[in-house]
Amino acid sequence: MPFSTISVIGLGYIGLPTAAVFASRKKQVIGVDVNQTAVDIINRGQIHIVEPDLDMIVHAAVTEGYLRATTKPEPADAFLIAVPTPFKGDHEPDLSYIESASKSIAPVLKKGDLVILESTSPVGATEQMAAWLANARPDLTFPQTHGENSDIRIAHCPERVLPGHVLRELVQNDRVIGGMTPKCSESAINLYKVFVQGECIVTNARTAEMCKLTENSFRDVNIAFANELSMICDKLDISVWELIRLANRHPRVNILQPGPGVGGHCIAVDPWFIVSKTPEQARLIRTAREVNDSKPQWVIDKVKLAVAELLQANPHKTASELTIACFGLAFKPDIDDLRESPAVSIVQQLTQEHPGRILAVEPNIVELPVTLSGKIELKTLEQTAGESDILLLLVDHKEFRGYESKIPEKSKVIDTRGIW
Ligand code: SAJ
């Protein structure tokens with residue numbers, strides 16, 4: 001079935017690139033978002049998020065008339081829901097965005113439409129979405145009650161793109177397609193084949209939900225292993241970086257890299273969706289989360305120890321005379337995204353505990369986030385050399401490589417990334 005009009009609900013880090021790529025394949029795309037400012041920016045052919053090359057594609061799609069944004073859903077042949085699924089205070093998934101997105105599209109659904117849930121979701125969320133839709137539209141039939149004969153087709157097709165490489169990965173990655181029935185999957189494949197060059201692999205909705213959570217939990221558990229090793233090695237006076245390099249020479253060992261903690265919007269969140277459904281079984285997954293979440297405090301304790309050692313070596317000094325320079329604020333290297341960044345939370349806590357100056361070097365931003373502004377000084381690499389007593393490397397941005405040669409002998413170095 002050809003899809004002439006496609007609607008994407010949620011124009012964030014996943015929805016907007018997806019909408020733009022459909023539009024670049026000359027589909028009529030209606031982007032829907034509750035944020036009027038984002039809608040206005042997109043309709044001007046600009047973007048409100050940071051992702052390489054996305055501005056160009058959105059600009060072209062809007063000027064050529066293939067992409068239009070609005071706050072109110074309109075009829076379409078396929079709807080893709082790409083809204084956030086955060087967790088609440090107790091690590092329970094919050095499906096309220098999916099609920100309001102499905103309730104908002106329900107009135108414009110018509111027989112033959114396809115609805116795809118792309119948001120990362122706990123197992124069962126697609127069935128829940130189908131129930132919300134069916135409840136709002138008793139005049140239409142849905143797969144949970146009418147199987148292959150339903151008026152509406154429903155599938156879960158999680159996104160798996162890496163921030164910073166979204167446009168390439170959207171097209172090239174394989175796609176897991178979890179239809180509520182085989183016909184739902186078939187319909188979803190026809191939609192994704194508009195731009196996906198990777199393979200589209202069919203499963204059911206629950207397995208597709210679990211697959212996405214498993215991918216990110218796999219990475220989280222592996223990073224937790226590396227982080228745990230770093231804390232063990234610190235106690236045993238062994239370089240964890242050398243250790244991992246050596247162990248990885250084994251043909252079947254591939255350990256990831258320790259760091260100051262795990263940030264971003266996915267890996268630190270998704271494993272909790274597994275834990276919340278099966279708390280008794282998901283013991284390793286929960287512990288990995290706890291290990292990774294404990295790493296920022298471990299780094300802060302290292303800084304405090306360095307301060308104490310410096311004061312012991314210079315009894316005439318006070319802590320307020322010591323300057324700490326923090327290298328990197330982003331949640332991972334070579335991006336400007338500071339949200340959910342362990343580096344930011346470490347620096348924030350240092351501002352509360354350290355009475356002296358705190359400098360930050362973050363080559364990917366021009367202005368400090370509000371949470372840090374006025375509390376620390378944003379500096380360039382050149383301005384920082386020689387000015388600091390403690391150098392704390394938090395993100396392995398490319399600009400920081402080789403900087404170790406400029407660090408004065410007397411300074412204390414805490415390198416959470418192992419590049420110095
Ligand atoms: N990190 C380490 N050590 C490592 C690798 C990463 O400490 O060896 C840290 C990073 O510094 C960062 C965090 O982990 O703080 C997450 O970074 P990331 O590059 O591993 O992942 P994200 O969050 O940018 O994107 C992930 C990807 N998932 C996987 O690689 C399994 C991406 O493909 C998903 O689409 C994305 O989550 C998502 O949206 O779920």
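Visitor: Which helix gives the largest share of the shell around the ligand?
Guide: This is a predicted model. One helix supplies 5 residues of the shell, the largest share. That helix spans residues 205–236. It is helix H9.

Visitor: How many charged residues does the shell around the ligand have?
Guide: Sort the shell by class. There are 9 nonpolar residues and 3 polar ones. The charged residues number 8.

Visitor: Which side chain has an N or O atom 2.7 Å from an oxygen atom of the ligand?
Guide: Set the backbone contacts aside. A polar backbone atom of Gly-263 is 2.9 Å from a ligand oxygen. A polar backbone atom of Phe-331 is 2.7 Å from a ligand oxygen. The side-chain contact, at 2.7 Å, belongs to Lys-332.

Visitor: What percentage of the ligand's accessible area does the protein cover?
Guide: Start with the ligand on its own. Its accessible area is then 760 Å². The protein covers 88%.

Visitor: Which domains each give at least three residues to the shell around the ligand?
Guide: The chain is divided into two parts, 5–198 and 237–415. Each of them gives at least three residues to the shell. They are domain 1 and domain 2.

Visitor: What area is buried between domain 1 and domain 2?
Guide: The C-alpha centres of the two domains lie 36 Å apart. Their contact takes 14 residues from domain 1 and 11 from domain 2. Carbon and sulfur atoms give 66% of the buried area. The total is about 1,100 Å².

Visitor: Which residues of domain 1 lose the most area to domain 2?
Guide: Look at the domain 1 side. Three residues together make up 37% of what that side buries. They are Phe-87, His-91 and Pro-163.

Methods:
Residues are numbered from 1 along each chain as its sequence is written. This is a predicted model: local features need pLDDT of at least 70, side-chain atom pairs count only at pLDDT 80 or more; totals for chains, interfaces and linings use all residues. Side-chain values use heavy atoms; hydrogens and water are left out. A polar contact is a pair of N or O atoms within 3.5 Å; within protein, one must be able to donate a hydrogen and the other to accept it, and residues adjacent in sequence count only if both atoms are side-chain atoms. Accessible areas come from the Shrake-Rupley method with a 1.4 Å probe; for residues, only the protein chains shown count as cover. Helices (H or I, at least four residues) and strands (E, at least two) are DSSP runs, numbered from the N terminus. Ala, Val, Leu, Ile, Met, Phe, Trp, Tyr, Cys and Pro count as nonpolar, Asp, Glu, Lys and Arg as charged, and the others, Gly among them, as polar. Domain bounds come from an automatic or database domain assignment. Contact means heavy atoms within 4.5 Å. Buried area is the accessible area (1.4 Å probe) that two parts lose on being put together, summed over both.
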